[in-house]
Amino acid sequence: MRCEHKLFHGKTLAILTGGGDTPAINSSIEAIRNRASFLGYKVYGIRHGWKGLLGNGDVLDLTNQPYDGFYGGTALRSSRTNPFPSNKNPEDRVPQVLRNLERYKIDVIVTIGGDDTNGVAKALYEKYNIPVIGFPKTIDNDLRTRTMHNFNGKEIEAVLCPGFPSAAKGVMEYAGRIRTTAESHSRIIVLEVMGRDAGWLNGGASFGGAEMALIPEFEITKERKDFFLECVKEEYLRSPKKSLVISVSEGVRWYDAVTDKTDVVYASSEVDEFGHPRFGGISGIVASEISNKLGIQARAESTGYYARSGECRLYDRRLTTTLADKVVDLLLREDYGQMPVLKKTCKYQELEEFNTTSIDMGEICNHPLPGVYYDINKFRFSDAYMDFMSYILEKPHFLKFDYDFPVVIPED
Ligand code: F6P
(Lines give C-alpha, C1' and ligand atoms only; values in the text may rest on other atoms or scores of the structure.)
Protein backbone atom coordinates (compact mmCIF):
# COMPACT_ATOMS: atom_id res chain seq x y z
CA MET A 1 0.00 0.00 0.00
CA ARG A 2 1.30 3.49 -0.87
CA CYS A 3 2.18 5.55 2.16
CA GLU A 4 0.42 8.93 1.94
CA HIS A 5 1.94 10.21 5.15
CA LYS A 6 5.33 11.13 3.90
CA LEU A 7 7.08 14.06 5.53
CA PHE A 8 6.31 16.64 2.83
CA HIS A 9 2.98 15.24 1.71
CA GLY A 10 0.76 18.07 0.44
CA LYS A 11 3.73 20.25 -0.54
CA THR A 12 4.94 21.10 -4.02
CA LEU A 13 8.48 21.41 -5.27
CA ALA A 14 9.10 22.93 -8.70
CA ILE A 15 12.18 22.48 -10.86
CA LEU A 16 13.36 25.06 -13.36
CA THR A 17 16.23 25.01 -15.88
CA GLY A 18 17.80 28.16 -17.32
CA GLY A 19 20.74 29.19 -19.50
CA GLY A 20 22.62 27.04 -22.02
CA ASP A 21 21.65 23.38 -22.04
CA THR A 22 24.06 20.60 -21.02
CA PRO A 23 23.93 16.82 -21.43
CA ALA A 24 23.34 16.44 -17.68
CA ILE A 25 20.20 18.49 -17.08
CA ASN A 26 17.64 15.75 -17.62
CA SER A 27 19.68 13.55 -15.35
CA SER A 28 19.56 16.29 -12.68
CA ILE A 29 15.81 16.79 -13.12
CA GLU A 30 15.13 13.07 -12.89
CA ALA A 31 17.30 12.59 -9.80
CA ILE A 32 15.82 15.59 -7.97
CA ARG A 33 12.27 14.65 -8.99
CA ASN A 34 12.68 11.06 -7.77
CA ARG A 35 14.13 12.03 -4.43
CA ALA A 36 11.63 14.84 -3.82
CA SER A 37 8.74 12.48 -4.68
CA PHE A 38 10.10 10.00 -2.18
CA LEU A 39 9.89 12.71 0.50
CA GLY A 40 6.24 13.24 -0.41
CA TYR A 41 6.45 16.32 -2.64
CA LYS A 42 4.34 16.75 -5.70
CA VAL A 43 6.93 17.74 -8.33
CA TYR A 44 6.34 20.34 -11.01
CA GLY A 45 8.53 21.42 -13.89
CA ILE A 46 8.56 25.08 -14.85
CA ARG A 47 9.11 25.41 -18.59
CA HIS A 48 11.58 27.73 -20.33
CA GLY A 49 13.42 28.88 -17.22
CA TRP A 50 12.16 31.98 -15.41
CA LYS A 51 9.95 32.72 -18.43
CA GLY A 52 7.66 29.88 -17.27
CA LEU A 53 6.72 31.93 -14.22
CA LEU A 54 5.70 35.02 -16.20
CA GLY A 55 2.20 35.81 -17.46
CA ASN A 56 -0.09 32.87 -16.80
CA GLY A 57 2.85 30.57 -16.18
CA ASP A 58 3.93 27.44 -18.02
CA VAL A 59 4.08 24.56 -15.54
CA LEU A 60 4.01 20.77 -15.98
CA ASP A 61 3.40 17.99 -13.50
CA LEU A 62 6.40 15.63 -13.38
CA THR A 63 5.10 13.48 -10.53
CA ASN A 64 5.15 9.78 -11.43
CA GLN A 65 5.86 10.50 -15.10
CA PRO A 66 8.34 8.39 -17.08
CA TYR A 67 11.67 10.12 -17.54
CA ASP A 68 14.96 9.53 -19.38
CA GLY A 69 17.87 11.08 -17.51
CA PHE A 70 20.44 9.86 -20.03
CA TYR A 71 18.86 11.94 -22.76
CA GLY A 72 20.80 15.23 -23.09
CA GLY A 73 19.40 18.74 -23.04
CA THR A 74 16.41 19.68 -20.92
CA ALA A 75 12.87 18.36 -21.30
CA LEU A 76 11.76 21.50 -19.44
CA ARG A 77 13.34 23.66 -22.16
CA SER A 78 15.43 26.66 -21.32
CA SER A 79 15.71 30.39 -21.80
CA ARG A 80 17.94 33.19 -20.64
CA THR A 81 15.07 35.16 -19.09
CA ASN A 82 15.87 37.55 -16.27
CA PRO A 83 12.73 38.69 -14.40
CA PHE A 84 14.68 41.51 -12.74
CA PRO A 85 15.05 44.75 -14.76
CA SER A 86 17.94 44.59 -17.23
CA ASN A 87 19.27 46.86 -19.98
CA LYS A 88 17.60 44.65 -22.56
CA ASN A 89 14.31 44.55 -20.66
CA PRO A 90 13.87 47.31 -18.04
CA GLU A 91 10.49 45.98 -16.85
CA ASP A 92 10.46 44.49 -13.34
CA ARG A 93 8.73 41.13 -13.86
CA VAL A 94 9.42 39.79 -10.37
CA PRO A 95 5.81 40.50 -9.24
CA GLN A 96 4.62 38.10 -11.98
CA VAL A 97 6.99 35.43 -10.68
CA LEU A 98 5.78 35.91 -7.09
CA ARG A 99 2.13 35.82 -8.17
CA ASN A 100 2.62 32.57 -10.10
CA LEU A 101 4.44 30.92 -7.21
CA GLU A 102 1.29 31.61 -5.21
CA ARG A 103 -1.16 30.63 -7.94
CA TYR A 104 0.53 27.28 -8.53
CA LYS A 105 1.06 26.81 -4.78
CA ILE A 106 4.77 26.15 -5.19
CA ASP A 107 6.51 25.72 -1.82
CA VAL A 108 10.12 25.23 -2.93
CA ILE A 109 11.94 25.86 -6.20
CA VAL A 110 15.09 24.05 -7.31
CA THR A 111 16.83 26.06 -10.00
CA ILE A 112 19.22 24.16 -12.24
CA GLY A 113 21.50 26.76 -13.73
CA GLY A 114 24.71 28.72 -13.82
CA ASP A 115 25.37 32.01 -12.11
CA ASP A 116 22.61 33.87 -14.00
CA THR A 117 19.70 31.49 -13.26
CA ASN A 118 20.90 30.79 -9.74
CA GLY A 119 21.67 34.48 -9.25
CA VAL A 120 17.98 35.27 -9.81
CA ALA A 121 17.04 32.48 -7.36
CA LYS A 122 19.45 33.87 -4.79
CA ALA A 123 17.94 37.37 -5.15
CA LEU A 124 14.40 35.95 -4.74
CA TYR A 125 15.52 34.14 -1.63
CA GLU A 126 17.29 37.15 -0.15
CA LYS A 127 14.71 39.81 -1.06
CA TYR A 128 11.45 37.88 -0.87
CA ASN A 129 12.26 34.90 1.31
CA ILE A 130 11.30 32.42 -1.43
CA PRO A 131 12.55 28.93 -0.47
CA VAL A 132 15.08 28.06 -3.19
CA ILE A 133 17.81 25.52 -3.67
CA GLY A 134 20.32 26.16 -6.45
CA PHE A 135 21.64 23.21 -8.44
CA PRO A 136 24.85 23.76 -10.42
CA LYS A 137 24.95 23.41 -14.19
CA THR A 138 27.33 24.62 -16.86
CA ILE A 139 29.54 23.17 -19.57
CA ASP A 140 31.86 26.14 -19.07
CA ASN A 141 32.50 24.93 -15.48
CA ASP A 142 33.00 28.51 -14.31
CA LEU A 143 30.41 28.56 -11.52
CA ARG A 144 32.14 28.56 -8.18
CA THR A 145 31.59 25.26 -6.34
CA ARG A 146 34.55 25.45 -3.93
CA THR A 147 35.60 21.92 -4.91
CA MET A 148 39.13 21.34 -3.68
CA HIS A 149 41.77 19.55 -5.73
CA ASN A 150 44.85 18.23 -3.99
CA PHE A 151 47.81 18.18 -6.34
CA ASN A 152 51.18 17.13 -4.94
CA GLY A 153 50.10 18.20 -1.46
CA LYS A 154 48.85 21.62 -2.60
CA GLU A 155 45.16 22.53 -2.28
CA ILE A 156 43.75 24.21 -5.39
CA GLU A 157 40.25 25.68 -5.47
CA ALA A 158 38.74 23.96 -8.53
CA VAL A 159 35.20 23.81 -9.91
CA LEU A 160 33.11 20.76 -10.75
CA CYS A 161 29.69 21.43 -12.23
CA PRO A 162 27.31 18.89 -13.74
CA GLY A 163 27.40 19.21 -17.53
CA PHE A 164 31.11 19.85 -17.65
CA PRO A 165 32.22 16.19 -17.47
CA SER A 166 30.04 15.17 -20.45
CA ALA A 167 31.02 18.25 -22.45
CA ALA A 168 34.73 17.78 -21.68
CA LYS A 169 34.48 14.20 -22.87
CA GLY A 170 32.85 15.38 -26.09
CA VAL A 171 35.62 17.93 -26.65
CA MET A 172 38.22 15.24 -25.96
CA GLU A 173 36.67 12.96 -28.57
CA TYR A 174 36.38 15.76 -31.11
CA ALA A 175 40.01 16.81 -30.73
CA GLY A 176 41.13 13.19 -30.79
CA ARG A 177 39.36 12.55 -34.08
CA ILE A 178 40.47 15.75 -35.82
CA ARG A 179 44.12 14.74 -35.38
CA THR A 180 43.90 12.17 -38.18
CA THR A 181 42.88 14.90 -40.64
CA ALA A 182 45.53 17.32 -39.35
CA GLU A 183 48.15 14.59 -39.83
CA SER A 184 46.97 13.55 -43.30
CA HIS A 185 47.34 17.08 -44.62
CA SER A 186 50.30 18.19 -42.49
CA ARG A 187 48.04 20.96 -41.23
CA ILE A 188 47.45 22.98 -38.15
CA ILE A 189 43.83 22.77 -37.03
CA VAL A 190 42.61 25.52 -34.76
CA LEU A 191 39.73 24.08 -32.80
CA GLU A 192 37.28 26.50 -31.18
CA VAL A 193 35.71 25.40 -27.92
CA MET A 194 32.87 27.09 -25.99
CA GLY A 195 33.86 28.98 -22.86
CA ARG A 196 32.90 32.59 -22.63
CA ASP A 197 34.99 33.63 -19.67
CA ALA A 198 36.91 30.53 -18.66
CA GLY A 199 39.14 27.88 -20.20
CA TRP A 200 38.04 24.85 -18.16
CA LEU A 201 36.29 23.13 -21.07
CA ASN A 202 39.14 23.79 -23.46
CA GLY A 203 41.25 21.39 -21.35
CA GLY A 204 39.15 18.51 -22.72
CA ALA A 205 40.90 19.05 -26.06
CA SER A 206 44.31 18.51 -24.44
CA PHE A 207 43.04 15.15 -23.23
CA GLY A 208 42.20 14.47 -26.87
CA GLY A 209 45.76 15.26 -27.90
CA ALA A 210 45.60 18.99 -28.74
CA GLU A 211 49.16 20.20 -28.33
CA MET A 212 48.51 23.88 -27.57
CA ALA A 213 45.65 25.94 -26.12
CA LEU A 214 44.54 29.54 -25.80
CA ILE A 215 42.15 30.38 -22.97
CA PRO A 216 40.14 33.50 -22.01
CA GLU A 217 42.05 34.00 -18.75
CA PHE A 218 45.23 35.00 -20.65
CA GLU A 219 44.78 37.56 -23.37
CA ILE A 220 46.90 37.57 -26.50
CA THR A 221 48.30 41.08 -26.71
CA LYS A 222 50.51 42.28 -29.56
CA GLU A 223 53.69 41.00 -27.88
CA ARG A 224 52.14 37.75 -26.73
CA LYS A 225 50.87 37.14 -30.25
CA ASP A 226 54.37 37.28 -31.77
CA PHE A 227 55.60 34.93 -29.06
CA PHE A 228 52.63 32.60 -29.59
CA LEU A 229 53.29 32.40 -33.35
CA GLU A 230 56.97 31.59 -32.73
CA CYS A 231 55.92 28.79 -30.36
CA VAL A 232 53.41 27.45 -32.91
CA LYS A 233 56.14 27.25 -35.55
CA GLU A 234 58.56 25.48 -33.22
CA GLU A 235 55.92 23.03 -32.04
CA TYR A 236 54.83 22.28 -35.61
CA LEU A 237 58.37 21.65 -36.84
CA ARG A 238 59.05 19.45 -33.84
CA SER A 239 55.88 17.37 -34.30
CA PRO A 240 56.58 13.91 -35.74
CA LYS A 241 53.86 14.12 -38.39
CA LYS A 242 54.09 17.86 -39.06
CA SER A 243 50.66 18.60 -37.72
CA LEU A 244 49.16 20.35 -34.73
CA VAL A 245 45.82 20.81 -33.03
CA ILE A 246 45.48 24.10 -31.16
CA SER A 247 42.33 24.50 -29.08
CA VAL A 248 41.05 28.05 -28.65
CA SER A 249 38.29 29.13 -26.27
CA GLU A 250 35.63 31.29 -27.89
CA GLY A 251 36.26 34.02 -25.29
CA VAL A 252 39.98 34.53 -26.02
CA ARG A 253 41.00 38.15 -26.38
CA TRP A 254 43.23 38.47 -29.45
CA TYR A 255 45.24 41.45 -30.76
CA ASP A 256 43.95 42.84 -34.02
CA ALA A 257 46.57 44.88 -35.92
CA VAL A 258 43.93 46.73 -37.96
CA THR A 259 42.14 48.21 -34.96
CA ASP A 260 45.24 48.08 -32.71
CA LYS A 261 43.00 46.55 -30.02
CA THR A 262 42.94 43.29 -28.07
CA ASP A 263 39.37 42.02 -27.93
CA VAL A 264 37.10 39.00 -28.21
CA VAL A 265 35.49 38.07 -31.51
CA TYR A 266 31.74 38.70 -31.44
CA ALA A 267 29.35 36.41 -33.30
CA SER A 268 26.65 39.07 -33.23
CA SER A 269 25.86 42.43 -31.69
CA GLU A 270 22.94 40.97 -29.65
CA VAL A 271 23.13 40.71 -25.87
CA ASP A 272 20.89 38.54 -23.72
CA GLU A 273 18.87 39.67 -20.66
CA PHE A 274 21.88 39.05 -18.45
CA GLY A 275 23.99 41.34 -20.63
CA HIS A 276 26.06 38.61 -22.34
CA PRO A 277 27.07 39.08 -25.96
CA ARG A 278 27.58 36.04 -28.23
CA PHE A 279 31.13 35.12 -29.11
CA GLY A 280 32.36 33.04 -32.03
CA GLY A 281 34.85 33.14 -34.87
CA ILE A 282 38.21 33.36 -33.09
CA SER A 283 39.40 30.05 -34.61
CA GLY A 284 39.11 31.48 -38.15
CA ILE A 285 41.16 34.52 -37.21
CA VAL A 286 43.88 32.53 -35.47
CA ALA A 287 44.05 30.03 -38.35
CA SER A 288 44.34 32.70 -41.01
CA GLU A 289 47.07 34.54 -39.09
CA ILE A 290 49.00 31.28 -38.74
CA SER A 291 48.70 30.64 -42.50
CA ASN A 292 49.64 34.18 -43.46
CA LYS A 293 52.47 34.74 -41.00
CA LEU A 294 54.00 31.25 -40.84
CA GLY A 295 53.15 29.95 -44.29
CA ILE A 296 51.80 26.71 -42.79
CA GLN A 297 48.39 25.47 -43.91
CA ALA A 298 45.94 26.07 -41.09
CA ARG A 299 42.21 25.47 -40.87
CA ALA A 300 39.56 26.49 -38.39
CA GLU A 301 37.05 24.11 -36.89
CA SER A 302 34.46 24.62 -34.19
CA THR A 303 33.22 22.09 -31.66
CA GLY A 304 30.24 24.38 -31.00
CA TYR A 305 27.13 22.65 -29.71
CA TYR A 306 28.71 19.21 -30.09
CA ALA A 307 30.07 19.63 -26.56
CA ARG A 308 26.74 20.75 -25.16
CA SER A 309 24.52 18.16 -26.80
CA GLY A 310 24.02 14.40 -26.83
CA GLU A 311 23.78 11.87 -24.07
CA CYS A 312 24.67 12.32 -20.41
CA ARG A 313 27.96 10.51 -19.76
CA LEU A 314 28.40 8.20 -16.79
CA TYR A 315 30.44 10.56 -14.64
CA ASP A 316 27.76 13.22 -14.95
CA ARG A 317 25.01 10.72 -14.33
CA ARG A 318 26.50 9.78 -11.00
CA LEU A 319 27.53 13.37 -10.14
CA THR A 320 23.95 14.59 -10.62
CA THR A 321 22.46 11.80 -8.52
CA THR A 322 25.02 12.40 -5.79
CA LEU A 323 24.25 16.11 -5.67
CA ALA A 324 20.52 15.29 -5.71
CA ASP A 325 21.16 13.19 -2.57
CA LYS A 326 22.48 16.36 -0.98
CA VAL A 327 19.32 18.19 -2.08
CA VAL A 328 17.39 15.68 0.06
CA ASP A 329 19.50 16.65 3.03
CA LEU A 330 18.80 20.36 2.40
CA LEU A 331 15.07 19.72 1.99
CA LEU A 332 14.91 17.69 5.20
CA ARG A 333 16.61 20.47 7.11
CA GLU A 334 14.63 23.15 5.23
CA ASP A 335 17.96 24.79 4.60
CA TYR A 336 17.25 27.07 1.65
CA GLY A 337 19.45 29.52 -0.23
CA GLN A 338 22.03 26.74 -0.57
CA MET A 339 23.62 24.91 -3.51
CA PRO A 340 24.89 21.30 -3.26
CA VAL A 341 28.49 20.85 -4.39
CA LEU A 342 31.30 18.31 -4.32
CA LYS A 343 33.75 18.95 -1.50
CA LYS A 344 36.77 17.61 -3.38
CA THR A 345 37.62 16.24 -6.77
CA CYS A 346 36.51 12.61 -6.83
CA LYS A 347 36.90 9.59 -9.04
CA TYR A 348 33.66 8.06 -10.33
CA GLN A 349 33.60 5.46 -7.55
CA GLU A 350 33.89 8.16 -4.87
CA LEU A 351 30.91 10.19 -6.07
CA GLU A 352 28.90 9.68 -2.91
CA GLU A 353 26.83 11.95 -0.69
CA PHE A 354 29.50 11.99 2.03
CA ASN A 355 31.79 13.81 -0.43
CA THR A 356 29.27 16.62 -0.88
CA THR A 357 28.51 19.76 1.05
CA SER A 358 26.52 22.89 0.25
CA ILE A 359 27.51 26.48 -0.22
CA ASP A 360 25.55 29.59 0.51
CA MET A 361 24.06 30.92 -2.72
CA GLY A 362 25.41 34.32 -1.68
CA GLU A 363 28.82 32.90 -2.62
CA ILE A 364 27.79 32.08 -6.15
CA CYS A 365 30.06 33.79 -8.64
CA ASN A 366 32.19 33.18 -11.65
CA HIS A 367 35.36 31.19 -10.98
CA PRO A 368 37.93 31.30 -13.77
CA LEU A 369 40.65 28.71 -14.32
CA PRO A 370 43.32 29.15 -11.62
CA GLY A 371 46.72 30.22 -13.01
CA VAL A 372 48.35 27.03 -11.73
CA TYR A 373 46.39 25.05 -14.31
CA TYR A 374 47.94 26.74 -17.36
CA ASP A 375 51.49 27.34 -18.53
CA ILE A 376 51.49 30.78 -20.17
CA ASN A 377 54.96 30.26 -21.64
CA LYS A 378 54.08 27.05 -23.43
CA PHE A 379 50.44 27.85 -24.19
CA ARG A 380 49.28 24.57 -22.74
CA PHE A 381 47.50 23.13 -19.73
CA SER A 382 49.76 22.22 -16.83
CA ASP A 383 50.31 18.88 -15.14
CA ALA A 384 48.10 20.12 -12.29
CA TYR A 385 45.21 20.58 -14.72
CA MET A 386 45.79 17.20 -16.34
CA ASP A 387 45.63 15.69 -12.87
CA PHE A 388 42.36 17.53 -12.14
CA MET A 389 40.89 16.30 -15.42
CA SER A 390 42.04 12.73 -14.79
CA TYR A 391 39.47 12.48 -11.98
CA ILE A 392 36.77 13.04 -14.58
CA LEU A 393 38.12 11.65 -17.85
CA GLU A 394 40.63 9.19 -16.38
CA LYS A 395 43.31 9.00 -19.10
CA PRO A 396 44.03 11.13 -22.18
CA HIS A 397 42.40 9.37 -25.08
CA PHE A 398 42.96 9.83 -28.80
CA LEU A 399 43.51 7.80 -31.95
CA LYS A 400 47.16 7.03 -32.44
CA PHE A 401 49.09 5.28 -35.18
CA ASP A 402 52.86 5.59 -35.05
CA TYR A 403 54.14 4.58 -38.42
CA ASP A 404 57.60 4.90 -39.82
CA PHE A 405 57.61 3.08 -43.15
CA PRO A 406 60.97 2.66 -44.89
CA VAL A 407 61.48 4.95 -47.88
CA VAL A 408 61.89 3.21 -51.22
CA ILE A 409 64.88 4.39 -53.23
CA PRO A 410 64.59 3.52 -56.93
CA GLU A 411 67.44 1.52 -58.46
CA ASP A 412 68.54 3.82 -61.27
O1 F6P B 1 26.77 29.24 -21.15
C2 F6P B 1 27.30 28.17 -21.81
C3 F6P B 1 27.58 28.48 -23.23
O4 F6P B 1 27.70 27.24 -23.85
C5 F6P B 1 28.80 29.36 -23.49
O6 F6P B 1 29.98 28.65 -23.53
C7 F6P B 1 28.47 29.98 -24.81
O8 F6P B 1 29.09 31.23 -24.98
C9 F6P B 1 27.00 30.17 -24.72
O10 F6P B 1 26.52 29.16 -23.88
C11 F6P B 1 26.32 30.15 -26.07
O12 F6P B 1 24.96 29.97 -25.90
P13 F6P B 1 23.83 30.11 -26.98
O14 F6P B 1 24.41 29.73 -28.31
O15 F6P B 1 22.77 29.18 -26.52
O16 F6P B 1 23.40 31.53 -26.95
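The following exercises, with worked solutions, concern the ligand site and the cysteines of a predicted model.

**Exercise 1.** Identify the residues that surround the ligand, and state how they divide by class.

*Solution.* Step 1: the residues around the ligand are Arg80, Ile139, Asp140, Met194, Gly195, Arg196, Glu250, Arg278, Tyr305 and Arg308. Step 2: sorted by class, this shell holds 6 charged, 3 nonpolar and 1 polar residues. Step 3: as for location, the ligand occupies the space of the largest pocket.

**Exercise 2.** Determine how far polar side-chain atoms of Glu250 and Tyr305 lie from an oxygen atom of the ligand, and how much of the ligand the protein buries.

*Solution.* Step 1: Glu250 places a polar side-chain atom 2.5 Å from a ligand oxygen. Step 2: for Tyr305, the distance from a polar side-chain atom to an oxygen of the ligand is likewise 2.5 Å. Step 3: the side chain of Arg308 has an N or O atom 3.0 Å from an oxygen atom of the ligand. Step 4: the ligand taken alone exposes 400 Å², of which the protein buries 82%.

**Exercise 3.** Establish how many disulfides the structure contains, and why Cys346 does not bond to Cys161.

*Solution.* Step 1: a disulfide joins the sulfur atoms of two cysteines covalently. Step 2: the cut-off for such a pair of sulfur atoms is within 2.5 Å. Step 3: the closest cysteine sulfur to that of Cys346 belongs to Cys161 and is 14 Å away, so the distance is too far for a bond. Step 4: a search of the whole structure gives 0 disulfides. Step 5: Cys346 is buried, at 0% relative accessible area, and Cys231 is also buried, at 14%.

How values were computed: Residues are numbered from 1 along each chain as its sequence is written. This is a predicted model: local features need pLDDT of at least 70, side-chain atom pairs count only at pLDDT 80 or more; totals for chains, interfaces and linings use all residues. Side-chain values use heavy atoms; hydrogens and water are left out. A residue is near a molecule or strand if one of its heavy atoms lies within 4 Å of it. A polar contact is a pair of N or O atoms within 3.5 Å; within protein, one must be able to donate a hydrogen and the other to accept it, and residues adjacent in sequence count only if both atoms are side-chain atoms. Accessible areas come from the Shrake-Rupley method with a 1.4 Å probe; for residues, only the protein chains shown count as cover. On a 1 Å grid over the protein atoms alone, a cavity is a set of points where a 1.4 Å probe fits but cannot get out, and a pocket is an open set with protein on both sides within 12 Å along at least five of seven lines; lining residues have an atom within 4 Å of a point. A molecule sits in a cavity or pocket if more than half of its atoms lie within 2 Å of its grid points. Ala, Val, Leu, Ile, Met, Phe, Trp, Tyr, Cys and Pro count as nonpolar, Asp, Glu, Lys and Arg as charged, and the others, Gly among them, as polar. Buried means under 20% relative accessible area, exposed over 50%, partly exposed in between (1.4 Å probe, protein chains only).
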